[in-house]
Amino acid sequence: MLRLLDHLEEWLITLLIGAATLLIFTAVLHRYTMDLSNAWGWDAVYDWLFLINLSWAQELCIYMFVWMAKFGAAYGVRTGIHVGVDVLINNLREGLRSKFVLFGLLAGALFTGLVGSFGVNFVWHLSHTDATSPDLELPVWIVYLAIPLGSYLMCFRFLEVAWSFFRTGELPRHEHAYVEGLEEEVEQAQAAGRQEPVYLGEAITLAEEREHIHGGHLERHPPGDTHKQDESGVRKGGEDRS
């Protein structure tokens, strides 16, 4: 069930940002083509483009970005990509650090839960009015429905991360060098007895740690030797498995 929710969250974010980008591109192209047609005297093209009304595109893009931001914030909590200042907390002893981390996660859950509850009340009152958006003429309560839905999902993600941290002591951490599907390649390579592909980020980190440990006095290979390995176990100049 949680995996299905994760996929729905990712698909919704991807769909919204992709559709908004395509719509903005189409609207800009339409506007500039009309201007060029008018300047160059292409009356037939101008008349045809004039019949295509895209005045609603900007409003729809704004709404899509708002929804994307609300659900993207929940995705950020789940994957650990939100920016945080944790220098002081990381220097505390383990027991005290865990309490501060749990307090922060639960405080985030409380805040987003309150925002979601206030959002429900706000949307409920809007649904009993005739207010509509200016261009699309959508009921305004549909637009503002992103507030309670996104906030409650973010609250759930805070609670999910807090429970996971309470049980395992681990927080979600985003790996910038992560390549989706590489785990399957690693498993297949292990089963076949082949050399495993490695993450580029892991290889760089391991090489830096080795160099730090040995004081920068790693074995230096001749420039033409492309098949030797450095002490981090990553091939140089040959096959790039990252």
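Begin with the largest pocket of this predicted model, which has a volume of about 680 Å³. To bring its surroundings into view, select His 82, Gly 84, Asp 86, Leu 105 and Leu 171, which lie nearest the centre of the largest pocket among the 22 residues that line it. Sorted by class, that lining consists of 12 nonpolar, 6 polar and 4 charged residues.

Next, colour the helices that contribute to this lining: helix 3, helix 4 (87-90), helix 5 (94-126) and helix 7 each supply at least two of its residues. Helix 5 provides the largest share of the lining, with 5 residues.

Now keep helix 3, which spans residues 57-79, and helix 7, which spans residues 146-168, and hide the rest for a moment. The axes of these two helices lie 8 Å apart, and helix 3 and helix 7 pack at an angle of about 5 degrees. Because angles under 35 degrees count as roughly parallel, helix 3 is described as roughly parallel to helix 7. To see the contact itself, show side chains on both helices: on helix 3 the residues involved include Trp 67, Lys 70, Phe 71 and Arg 78, while on helix 7 they include Ala 146, Ser 151, Met 154, Arg 157 and Glu 160. By class, the contact of helix 3 with helix 7 has 12 nonpolar, 2 polar and 4 charged residues.

From that contact, pick Ser 151 in helix 7 and bring back the whole chain. Is Ser 151 buried or exposed? Its relative accessibility is 2%, so Ser 151 counts as buried. Leaving aside residues up to four places away in sequence, Ser 151 touches Lys 70, Thr 112, Val 115, Gly 116 and Ala 146, and it is worth selecting these five together with the serine.

Then move along helix 3 to Ile 62. Here the relative accessibility is 47%, and Ile 62 therefore counts as partly exposed. Add Ala 20 to the selection and draw a C-alpha to C-alpha distance: Ile 62 and Ala 20 are 42 residues apart in sequence, and the separation in space is 8.4 Å.

Finally, zoom out to the entire chain, whose secondary structure comes to 9 helices and 0 strands, giving the pattern α-α-α-α-α-α-α-α-α when read along the sequence. Of the 242 residues in the chain, 26% are buried. If you display a contact map alongside, look at the pairs with a separation of 6 or more, since 65% of those contacts join residues 24 or more positions apart.

Note on methods:
Residues are numbered from 1 along each chain as its sequence is written. This is a predicted model: local features need pLDDT of at least 70, side-chain atom pairs count only at pLDDT 80 or more; totals for chains, interfaces and linings use all residues. Side-chain values use heavy atoms; hydrogens and water are left out. Helices (H or I, at least four residues) and strands (E, at least two) are DSSP runs, numbered from the N terminus. Buried means under 20% relative accessible area, exposed over 50%, partly exposed in between (1.4 Å probe, protein chains only). Contact means heavy atoms within 4.5 Å. On a 1 Å grid over the protein atoms alone, a cavity is a set of points where a 1.4 Å probe fits but cannot get out, and a pocket is an open set with protein on both sides within 12 Å along at least five of seven lines; lining residues have an atom within 4 Å of a point. Grid points are joined across faces, edges and corners, and a volume is the space filled by probe spheres set on the points. Ala, Val, Leu, Ile, Met, Phe, Trp, Tyr, Cys and Pro count as nonpolar, Asp, Glu, Lys and Arg as charged, and the others, Gly among them, as polar. Axes are lines fitted to C-alpha atoms, for helices over the stretch in contact, and angles run from 0 to 180 degrees between N-to-C directions. Angles under 35 degrees count as roughly parallel, over 145 as roughly antiparallel, 65 to 115 as roughly perpendicular and the rest as oblique.
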